Amino acid sequence: MDVVRISLLDVLVALAVLALLAYVLVPAHADAPAVLASPTLTPGALNPDVTEPTIGATICVKGWTATVRPPVEYTNALKAEQMKQYGETGPPSAYQEDHLISLELGGNPTDPRNLWPEPYPRAAEVDRIENELNAKLCAGQLTLAQAQGEESALKHRDG
């Protein structure tokens, strides 16, 4: 009977080949699936202080959203509750408690109907889109209702 001898180098090469195959076949860099805003749990809610006539004194003023942003303690508690409602089991740090209608577009800051747990990195991508919609609105390229409608449709459709 022949004895097969395996060297440490053989083992390391085999492990490297397996790691490469795993990287190619199971992409670790794939984004987490989107969590769509539920039309029933998160239909959206508006800030009554933001209307078409008031956008020049509210959402089109740099830094205004900081004056209405809810405290982290509030959004973290709501995120934990809503993650259960949405059936999300990941770590809370992997989610942003996001506004369906963003503060930049006149969304209600604290109404639970306007908030839901959105996973990263999608939440960061959506922040960029919210800023673009705000810029178009403040430049007169969109009405407030159009901007809010686009944002709501995006988050219900794509997360």
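**Chatting through a predicted model**

Q: Hi! What share of the protein chain's residues count as buried?
A: Of its 159 residues, 37% count as buried, where buried means under 20% relative accessible area, exposed over 50% and partly exposed in between (1.4 Å probe, protein chains only). Keep in mind that this is a predicted model, where local features need pLDDT of at least 70, side-chain atom pairs count only at pLDDT 80 or more, and totals for chains, interfaces and linings use all residues. Residues are numbered from 1 along each chain as its sequence is written, and side-chain values use heavy atoms, with hydrogens and water left out.

Q: Cool. How many helices and strands are there in the protein chain?
A: The chain has 4 helices and 2 strands, and from the N terminus on the order is α-α-β-β-α-α. Helices (H or I, at least four residues) and strands (E, at least two) are DSSP runs, numbered from the N terminus.

Q: How do β1 and β2 run, parallel or antiparallel?
A: They run antiparallel, joined by 5 bridges; two strands pair if DSSP finds at least two bridges between them. One bridge pairs glutamine 96 with glutamate 118 in β2.

Q: And is β2 mostly covered or open?
A: Mostly covered: strand β2 spans residues 115-119, and 5 of its 5 residues are buried. Leu115, Pro117 and Pro119 are buried on one side, and Trp116 and Glu118 are buried on the other.

Q: Switching to pockets, how much space lies in the largest one?
A: About 310 Å³. On a 1 Å grid over the protein atoms alone, a pocket is an open set of points with protein on both sides within 12 Å along at least five of seven lines, whereas a cavity is a set of points where a 1.4 Å probe fits but cannot get out. Grid points are joined across faces, edges and corners, and the volume is the space filled by probe spheres set on the points.

Q: Which residues are closest to the centre of the largest pocket?
A: Arg69, Thr75, Gln96, Glu97 and His99 are the closest, out of 17 lining residues; a lining residue has an atom within 4 Å of a point.

Q: Which elements give two or more residues to that lining?
A: They are α2 (72-86), β1 (95-99) and α3 (122-138). The most comes from β1, with 5 residues.

Q: What's the lining like by class?
A: It has 5 nonpolar, 5 polar and 7 charged residues. Here Ala, Val, Leu, Ile, Met, Phe, Trp, Tyr, Cys and Pro count as nonpolar, Asp, Glu, Lys and Arg as charged, and the others, Gly among them, as polar.

Q: Now some loops. Is serine 102 buried or exposed?
A: Buried, with a relative accessible area of 2%. Serine 102 is in the loop between β1 and β2. Not counting residues up to four places away in sequence, serine 102 touches Gly107, Glu130, Glu151 and Lys155, a contact being heavy atoms within 4.5 Å.

Q: Where is aspartate 111 found?
A: In the loop between β1 and β2. Aspartate 111 counts as buried because its relative accessible area is 16%. The C-alpha atoms of aspartate 111 and alanine 45 are separated by 6.7 Å, with their positions 66 residues apart along the chain.

Q: How about serine 93, buried or exposed?
A: Exposed, at 62% relative accessible area. Serine 93 lies in the loop between α2 and β1.

Q: Last one: is the peptide bond from tyrosine 120 to proline 121 cis or trans?
A: That bond is cis, with omega near 5 degrees. Most peptide bonds are trans. Proline 121 lies in the loop between β2 and α3.
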